[in-house]
Amino acid sequence: MRNLKSALLLGAAVALGATACTKPGDEAAKPASPTAAGTSEKASPTVVTVNGKALNSQLLDTFLLAVTGKPAAEATKEQRDAMLDQLVNMTLAAQSAEKEGLAKSPEVQARLDLLQTQILAEAASEKYVKSHPVSDEEVKAAYDSEVANMPKEYKARHILVEKQETADAIIKELQAGGDFAKIAKAQSKDPGSAVKGGDLGWFSAQTMVKPFAEALAKLEKGKMTTAPVQTEYGWHIIELEDLRAPSAPAFEEVKEQVKMFAQRKKLQAYLDELRKTAKIQKTE
């Protein structure tokens, strides 16, 4: 059975895509942005100078957040000192790379370009999300839509045999008044359900192979397939006993997940609009 919580979280991840694919630990590998390096309108104070290059407190705070996942204000003096040492080491290594001309390497340049693109994309996405928050009405509408699209659940029995001729004969026997459960126990090759008279319990169609699910969707409650259904497992005779709408978690229980899902879906719509007006020419 499809779980609404997991579906919403999966949808959120897909909708956001590559614009938020960086985890805290990866941030440490990013080059310092111009703002972090001290060229912002309001420059932050220098915390260390490495071979004439000034590293400011904004850069250190950003590095702390990237490595620890926590605001710099929550860092202890020991953590701050340790991060500063790492930042100095990184700067020394970067300066060495520049002297050796590594920045001109096509591979390194491509990595730098990718990181810059990712950082700017994340910044643009964050700005859009802050300036276009989802309303309570949008969150409720997203919840209602997900609930409405949850698949039905079925309660069915089946008899599985190896040959079509056997299945045809069983259908004729059932149509003549044969007992489905007794025949399933005697002839079905599905060991899990045969002992229960072919009973499969409650399930969603998505858990079944496609031919089985398609045949099930065409059945009326209390009816069985009048022709055997072939799958990779053999030939099935299916009887639909009941169907129901799945139970959904209460809105308040999943409200925050739904809000995240709706916000990221809104962001994806914005990105889709940007694509419509962009000139994109693929050469591969």
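Helix α7 packs its buried residues against three other elements: β3 (153-161), α8 (180-187) and β6 (234-244). The buried residues in question are A167, I170, I171 and L174. Looking down the axis of α7, these buried residues stay within an arc of 105°, so they line one face of the helix. Turn to the face pointing away from that buried side, and the exposed residues E165 and K172 show up. The helix itself covers residues 164-175, which makes 12 residues. From first C-alpha to last, α7 reaches 16 Å, close to the 16 Å expected at 1.5 Å a residue. Just past the end of α7 comes G177, with a positive phi of about 110°.

All of this comes from a predicted model, so it helps to know how confident the predictor was in each residue, which is what pLDDT reports on a scale from 0 to 100. The mean pLDDT of the protein chain is 87, with 85% of its residues at 70 or more. Confidence does vary from element to element. Strand β5, at residues 229-231, has the highest mean pLDDT of the elements, 98. At the other end sits helix α2, residues 35-39, where the mean is the lowest, 41. The start of the chain is the part to read with that in mind: over residues 1-40, pLDDT stays under 50. For that stretch the model still has 75 contacts beyond four places in sequence.

A little further along comes a hairpin. Strand β1 (residues 46-50) and strand β2 (residues 53-56) run antiparallel and are joined by four bridges. One of the pairings puts T49 opposite A54, its bridge partner in β2. Two residues lie between the strands of this hairpin, and N51 takes a positive phi near 50° there.

Stepping back to the whole protein chain, there are 11 helices and six strands. The chain runs to 284 residues, and 32% of them count as buried. As for which parts of the sequence meet, consider the contacts with a separation of 6 or more: 67% of them are between residues 24 or more positions apart. On the outside, the accessible surface of the protein chain comes to about 18100 Å². Carbon and sulfur atoms account for 54% of that surface.

Definitions and conventions: Residues numbered from 1 in each chain as written. Predicted model: local features only at pLDDT ≥ 70, side-chain atom pairs only at ≥ 80, totals over all residues. Heavy atoms only, no water. Contact = heavy atoms within 4.5 Å. Pairing = 2+ DSSP bridges. Buried < 20%, exposed > 50% of the residue type's maximum accessible area, 1.4 Å probe, protein only. Areas by Shrake-Rupley, 256 points an atom, 1.4 Å probe, with all protein chains shown as cover. Expected span 1.5 Å × (residues − 1). Arc of directions from axis to C-beta.
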